[in-house]
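Reader: I want the reasoning behind the labels, not just the labels. Can we take them one at a time?

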Amino acid sequence: MTIKMLNALLTVVYGVGAALIVYWVLNKVAELLPKKAEERLKPYFYILPAYLAITVYLLYPAIQTVINSFQDRASEEWVGVQNYTDLLSSPAFRDTLFNTLLWMLVVPAATVVIGLAVATLADRLKPSTEKLAKTIVFLPMAIALVGAAVIWDLIYAVRPAGQPQVGLQNAIVTALGFDPINWLQNSTLHLNSFLLMLVLLWAQVGFAMVLLSAAVKGVPVDTLEAARIDGANERKIFFQVVVPQIKGTIITVFITVLISVMKIFDVVFVMTRGNFNTDVLGNRFFTELNVNFNNGTAAAVVVMLMVAVIPVMFYQVKHFKAEEANA
């Protein structure tokens with residue numbers, strides 16, 4: 001443990017030190033230029049490392065991944081679109097796509113609804129109680145998803161009938177006189193997938209609550225008072241006055257969670273390994289690359305995921321620009 005902490009500390013020290021040296025050198029190079037050239041080029045010198053990092057660690061791997069998706073499992077021979085046709089013709093992969101779509105439909109929407117409900121209700125509490133309630137709801141955000149998955153795996157744990165149940169849900173079920181249920185293997189109506197989604201919901205609701213609570217508090221009091229004078233009840237005020245004014249924040253939270261959901265891997269890997277019809281694209285990529293050792297198919301999965309994520313990211317950037325323009 002001590003060695004790991006020292007390695008982490010040295011990594012931070014060396015990383016920060018290297019960054020300082022790089023920017024110091026670039027600054028010195030800029031100062032060697034004529035005054036006008038220095039003023040014009042110095043900003044580009046400062047953003048140059050960032051652009052180089054994006055090129056080396058993002059653009060190049062993305063291009064190489066697209067190339068690999070048209071090659072065989074060893075990335076030696078061209079196979080055209082064979083990897084894509086094999087995936088899309090596979091019933092198991094179609095189930096994976098459906099599960100991923102199910103996550104995309106359920107988790108972001110549920111996160112926004114629950115986060116907004118918690119934010120609205122917490123704002124009605126006394127200041128001290130409000131802080132305590134929000135702190136408790138936000139705490140899961142401090143836990144890595146791997147840790148959250150381990151916690152919830154214990155909640156869903158099952159032991160044979162007649163033995164003490166360590167899982168909370170089965171302890172309740174058996175206390176009521178029923179047999180224990182293997183929750184994570186029950187794929188009826190995708191029950192196990194919905195149970196996995198609860199883990200991400202538990203972790204993300206605090207994030208949604210913080211942003212939405214700030215947005216709700218930012219709604220002008222004058223508009224609320226005007227609605228009450230016009231005879232609107234609290235329900236109408238919330239849906240017709242508050243929600244329209246925090247629409248931008250709702251969209252931001254929804255898109256942010258949506259991007260996280262599209263890349264979800266750790267929860268599924270830790271709790272089911274993608275078995276029992278719970279597989280998603282992130283876990284399928286890991287399986288193809290590190291279990292089946294099929295570089296071509298793994299790359300094809302990533303390309304499909306990129307094609308789905310990129311439009312969402314472009315919309316998010318466009319939305320941010322629109323919000324800044326209207327601010």
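Author: Start with Thr-278. Beyond its neighbours within four places in sequence, Thr-278 is in contact with Asn-99, Asn-192, Ser-193, Leu-196, Val-268 and Thr-272. Bear in mind that this is a predicted model.

Reader: Why is Thr-278 called buried?

Author: The cut-off for buried is under 20% relative accessible area. Thr-278 has 0%. Therefore Thr-278 counts as buried.

Reader: Where in the chain does Thr-278 lie?

Author: In a loop. That loop runs between α12 (266-271) and α13 (281-290).

Reader: What makes the pair Thr-278 and Thr-272 a polar contact?

Author: The limit is a pair of N or O atoms within 3.5 Å, with one able to donate a hydrogen and the other to accept it. The side chains of Thr-278 and Thr-272 make such a contact at 2.7 Å. The value is inside the limit, so the term applies.

Reader: Which backbone atom lies 2.6 Å from a polar atom of the Thr-278 side chain?

Author: The backbone oxygen of Asn-275.

Reader: Now Val-146. Why is Val-146 called partly exposed?

Author: Buried means under 20%, exposed means over 50%, and partly exposed is in between. Val-146 has 41% relative accessibility. That value falls between the two cut-offs, so Val-146 is partly exposed.

Reader: Which residues does Val-146 touch, not counting those up to four places away in sequence?

Author: Asp-266 and Val-270. Val-146 itself is in helix α6, residues 145-155. Phe-269 is 123 residues from Val-146 in sequence, yet the two C-alpha atoms are 8.9 Å apart.

Reader: Zoom out. How many helices and strands does the protein chain have?

Author: It has 14 helices and 0 strands. From the N terminus on, each element in the run is α.

Reader: How do you know whether the protein chain matches a compact globule or departs from one?

Author: Compare radii of gyration. A compact globule of 327 residues would have one near 20 Å. The protein chain has 25 Å. The chain's value is above the globule value. Along its principal axes, the C-alpha trace spans about 80 × 65 × 45 Å.

Reader: What share of the residues counts as buried?

Author: 35% of the 327 residues. The protein chain exposes about 19,800 Å², with 69% supplied by carbon and sulfur atoms.

Reader: And what share of contacts joins residues at least 24 apart?

Author: 65%, among contacts between residues at least 6 apart in sequence.

Reader: How far apart are the mean positions of the positive and negative charges?

Author: They are 7 Å apart, for 23 positive and 21 negative charges.

Methods:
Residues are numbered from 1 along each chain as its sequence is written. This is a predicted model: local features need pLDDT of at least 70, side-chain atom pairs count only at pLDDT 80 or more; totals for chains, interfaces and linings use all residues. Side-chain values use heavy atoms; hydrogens and water are left out. Helices (H or I, at least four residues) and strands (E, at least two) are DSSP runs, numbered from the N terminus. The radius of gyration is taken over C-alpha atoms; the globule rule is 2.2 Å times the number of residues to the power 0.38. Buried means under 20% relative accessible area, exposed over 50%, partly exposed in between (1.4 Å probe, protein chains only). Contact means heavy atoms within 4.5 Å. Accessible areas come from the Shrake-Rupley method with a 1.4 Å probe; for residues, only the protein chains shown count as cover. Lys and Arg count as positive and Asp and Glu as negative; His and the chain ends are not counted. The place of a charge is taken as NZ of Lys, CZ of Arg, CG of Asp or CD of Glu.
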